[in-house]
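This report takes a brisk look at one protein chain. Start with the sequence and the structure shown here.

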Amino acid sequence: LSVGENTVKEVKEEAGLDVRAEGIIAVQDRKKHNPEIYAYNITKVFVLCKLLGGSFQPNSETIDSGYFSMETLPPLSENKTTQQQIRMCFDAYHAKHWDTLFD
């Protein structure tokens, strides 16, 4: 699958939401942006999506879901996603024009 196709599939599987992948926010080397050392090299691709519909259903990978502002984020598993990465996604969403960031 392409990055866009895989994003749509994963969002449906893990969040129950139907989305359209609209652009790449960033491509990051995990070891440069996440605190815990990991045994494998991972490239993280952040994709801006448009919500089309659907609703969350608990599943084997995700037990709960919600929408939060930057000021009300719950505790994060920063080994997976940091507050800075979430801020980057908020900034991309609110930007009139966003240039993809990459390492």
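## Contacts along the chain

Among contacts between residues at least 6 apart in sequence, what percentage join residues at least 24 apart? In the protein chain, the share is 61%. The model is predicted.

## Fold and dimensions

The protein chain has 3 helices and 3 strands. Read from the N terminus, these elements follow the order α-β-α-β-α-β. The radius of gyration is 14 Å, and the globule rule gives 13 Å for 103 residues. The two values are close, so the protein chain is as compact as a globular protein of that length.

The C-alpha trace spans about 35 × 35 × 30 Å along its principal axes.

## Surface and burial

About 7,600 Å² of the protein chain is exposed. Carbon and sulfur atoms supply 55% of that area. Buried residues account for 20% of the 103 residues.

## The nonpolar core

Which residues form the largest nonpolar core? There are 5 in all: I25, A26, F46, M88 and A92. Two elements, β1 and α3, each give two or more residues to this core. Helix α3 covers residues 83–94, and strand β1 covers residues 17–29.

One core member, A92, can be followed further. Setting aside neighbours within four places in sequence, A92 touches I25 and W98. Of these partners, I25 is itself listed in the core.

## A nonpolar patch outside

V3, I24 and V45 make a nonpolar patch on the surface. Its area is about 200 Å². I24 lies in strand β1.

Is I24 buried, exposed or partly exposed? Its relative accessibility is 32%, so I24 counts as partly exposed. The cut-offs behind that call are under 20% for buried and over 50% for exposed. Strand β1 thus holds a residue of the surface patch, I24, and also gives two or more residues to the largest nonpolar core.

## E10 in helix α1

E10 sits in helix α1, which runs over residues 3–15. Its relative accessible area is 25%, so E10 is partly exposed.

How far apart are the C-alpha atoms of E10 and I25? They are separated by 17 Å. Along the chain, E10 and I25 are 15 residues apart. I25 is one of the residues in the largest nonpolar core.

Technical notes
Residues numbered from 1 in each chain as written. Predicted model: local features only at pLDDT ≥ 70, side-chain atom pairs only at ≥ 80, totals over all residues. Heavy atoms only, no water. Patch = residues over 30% accessible without salt bridge, like charges linked within 9 Å, V, L, I, M, F, W, Y side chains within 5 Å. Areas by Shrake-Rupley, 256 points an atom, 1.4 Å probe, with all protein chains shown as cover. Salt bridge = Lys/Arg side-chain N within 4 Å of Asp/Glu carboxyl O. Helix = DSSP H or I, 4+ residues; strand = E, 2+ residues; numbered from the N terminus. Buried < 20%, exposed > 50% of the residue type's maximum accessible area, 1.4 Å probe, protein only. Rg over C-alpha atoms; globule rule 2.2 N^0.38 Å. Contact = heavy atoms within 4.5 Å. Core = buried A, V, L, I, M, F, W, Y, C linked by side-chain atoms within 4.5 Å.
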